[in-house]
Amino acid sequence: MKQQLEKIEASAKEELSSCSEIKALEALRIKYLGKKGELTAILKQMGGLTAEERPVIGQLANKVRADIEEALAEKLSSLKANQQQAKIAAESIDITLPGKHCGLGKLHPLSIVENEVKDIFMGMGFDIADGPEVDYDYYVFEALNLPPDHPARDTQDTFYISDKVLLRTQTSSVQVHVMETQKPPIRIISPGRVYRSDAVDATHSPLFHQIEGLVVDKGIKMSDLKGTLEMLMKKLYGNDCKIRLRPHHFPFTEPSCEVDVMCFNCGGKGCSMCKGEGYIELLGAGMVHPKVLEGCGIDSTVYSGFAFGLGLERIVMRRYGISDMRLLYENDLRFLNQF
Ligand code: DAH
């Protein structure tokens with residue numbers, strides 16, 4: 001019987017050592033330790049032993065049971081550990097693989113400079129005003145002292161929706177919208193798209209951008225206009241930048257002027273970039289015409305104001321040395337990625 005017990009233990013251990021599945025382990029437990037198992041079968045024969053043999057064999061049988069149980073438990077935990085290991089390996093991610101490149105967008109040069117101009121004016125206490133791109137003739141022309149047969153309308157031909165409704169040719173229309181709804185003091189700029197029926201070339205486009213400015217208050221003078229524009233140009237082009245005002249005519253301002261900025265290429269001496277002038281034309285401006293103020297219900301004997309309108313494309317082209325305006329609208333990433 002002793003030999004049988006030892007044989008059971010040896011064969012149980014051997015089978016266990018080659019077992020590689022948790023399910024098979026349970027079958028082994030039943031085979032050796034179950035009610036109908038090999039060990040139980042031996043114990044059932046204990047009745048035939050002598051009184052001296054019984055405790056010895058009993059002890060041995062208990063030891064064999066304990067040994068097999070221990071071996072089963074060990075095997076179970078080692079199989080579980082292996083299973084866990086395999087699961088981790090299967091689910092692991094190789095963080096050394098190069099990732100998928102996700103291209104980051106960036107602002108268009110027109111937006112970059114527009115934001116810069118907005119920041120500069122907000123720093124001087126201006127608000128940003130918005131206005132419609134499709135507007136009534138009244139706001140774009142008539143209220144700005146450009147009656148139906150005014151010759152200056154010829155220079156701003158546009159796309160008409162109807163006799164009275166058109167695509168705005170200038171952001172100056174926002175001046176009227178603002179003055180109709182706000183009382184002075186008024187201090188706004190209004191950036192936006194404008195339209196003209198111009199043929200496309202290096203310096204013309206049927207769609208471009210302007211930034212309008214308007215200040216109305218008691219005691220506003222031409223010197224306020226000059227100081228404001230000088231500050232803008234110094235912030236945009238550096239402290240050495242100088243501006244020059246030339247007399248001009250606009251129907252909605254009196255007096256009117258054009259504002260030139262010193263050519264950054266030659267510093268005012270004259271070069272091919274400024275066509276020998278030393279200065280480059282940047283914007284139109286002037287003191288708001290009393291007729292325009294009165295038309296918007298503002299008493300021109302109490303209030304005065306200045307206004308200006310600058311072309312955003314010109315500033316952007318100047319800033320980055322872009323010689324062809326069309327590049328700004330073609331959406332060619334090779335161009336746009338440079339900013
Ligand atoms: N609206 C004018 C244009 O498109 C520019 C301009 C000139 C705007 C003088 C103004 C101004 O506000 O006072 O050419």
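What follows is a walk through the sheet, a few individual residues and the salt bridges of this predicted model.

The sheet is a good place to start. Seven strands make up an open sheet with mixed pairing, and their order is E1-E4-E5-E9-E8-E7-E6. The edges belong to strand E1 (127-128) and strand E6 (243-250); each has a single partner strand, so one side of each is left without a neighbour in the sheet. As background, strands of a sheet pair through backbone hydrogen bonds, in either a parallel or an antiparallel sense.

Coming in from the E6 edge, E6 pairs with strand E7 (residues 253-262) in the antiparallel sense, over seven bridges. One residue pair here is His248 with its bridge partner Ser256 in E7. E7 in turn runs antiparallel to E8, and eight bridges join the two. Met262 has Tyr279 in E8 as its bridge partner. E8 is well covered: nine of its 10 residues are buried, so this strand is largely enclosed by the rest of the structure.

On from there, E8 and E9 are also antiparallel, with five bridges between them. Gly284 is bridged to Gly309 in E9, while Gly286 sits opposite Ala307 of E9. Ala307 turns up again in the pairing with E5, as the bridge partner of Leu214. That E5-E9 pairing is antiparallel too and runs over eight bridges. With six of its eight residues buried, E9 is largely enclosed by the rest of the structure.

Two helices pack onto these strands. Helix H5 (residues 109-123) lies across E1, strand E4 (186-195), strand E5 (207-217) and strand E9 (304-311), and its direction makes an angle of about 165° with E4. Helix H10 (residues 312-320) lies across E5, strand E8 (279-288) and E9, at about 55° to E9.

Arg168 is a residue worth a look. It belongs to the loop between strand E3 (165-167) and helix H7 (173-181). Which side chain of opposite charge is nearest to Arg168? That would be Glu133, at 4.7 Å; Arg168 is buried yet has no salt bridge. The cut-off for a salt bridge is 4 Å, so a pair at that separation does not count. Backbone oxygens are within reach instead: a polar atom of the Arg168 side chain lies 3.5 Å from the backbone oxygen of Gly131, and the side chain also reaches the backbone oxygen of Pro132 at 3.5 Å. Beyond its sequence neighbours within four places, Arg168 is in contact with residues including Val140, Ser173, Val174, Gly192, Arg193, Val194 and Tyr195.

Two further residues bring separate stretches of the chain together. Ile8, in helix H1 (residues 2-18), counts as buried at 6% relative accessibility. Leaving out residues up to four places away in sequence, Ile8 touches Tyr32, Glu38, Leu39, Ile42 and Ile68. For Ile8 and Leu39, 31 residues apart in sequence, the C-alpha to C-alpha distance is 7.3 Å. Phe339 comes in the segment after helix H11 (333-336) and is partly exposed, with a relative accessible area of 21%. Although Phe339 and Lys106 are 233 residues apart in sequence, their C-alpha atoms are 8.3 Å apart. Lys106 is among the contacts of Phe339, along with Pro109, Ile112, Tyr320 and Ile322, once neighbours within four places are set aside.

That leaves the salt bridges, of which the count is 18. Helix H1 supplies one of them internally: Glu6 pairs with Lys2, with the closest N and O atoms 3.8 Å apart. These two residues are four apart in H1, which puts about one helical turn between them. Glu6 is partly exposed at 40% relative accessibility, and so is Lys2 at 49%. Another salt bridge runs from Lys31 to Glu15, with closest N and O atoms at 2.6 Å. This pair links distant parts of the chain, since Lys31 is in helix H2 (residues 22-33) and Glu15 is in helix H1, 16 residues apart.

Back at the sheet edge, Arg244 forms a salt bridge with Glu277, at 3.1 Å between the closest N and O atoms. Arg244 is in strand E6 and Glu277 in the loop between E7 and E8, so the pair ties together parts 33 residues apart in sequence. Through shared partners, salt bridges join Arg244, Arg246, Glu258, Asp260 and Glu277 into one network.

Note on methods. Residues are numbered from 1 along each chain as its sequence is written. This is a predicted model: local features need pLDDT of at least 70, side-chain atom pairs count only at pLDDT 80 or more; totals for chains, interfaces and linings use all residues. Side-chain values use heavy atoms; hydrogens and water are left out. Two strands pair if DSSP finds at least two bridges between them. Contact means heavy atoms within 4.5 Å. Axes are lines fitted to C-alpha atoms, for helices over the stretch in contact, and angles run from 0 to 180 degrees between N-to-C directions. Buried means under 20% relative accessible area, exposed over 50%, partly exposed in between (1.4 Å probe, protein chains only). Lys and Arg count as positive and Asp and Glu as negative; His and the chain ends are not counted. A polar contact is a pair of N or O atoms within 3.5 Å; within protein, one must be able to donate a hydrogen and the other to accept it, and residues adjacent in sequence count only if both atoms are side-chain atoms.
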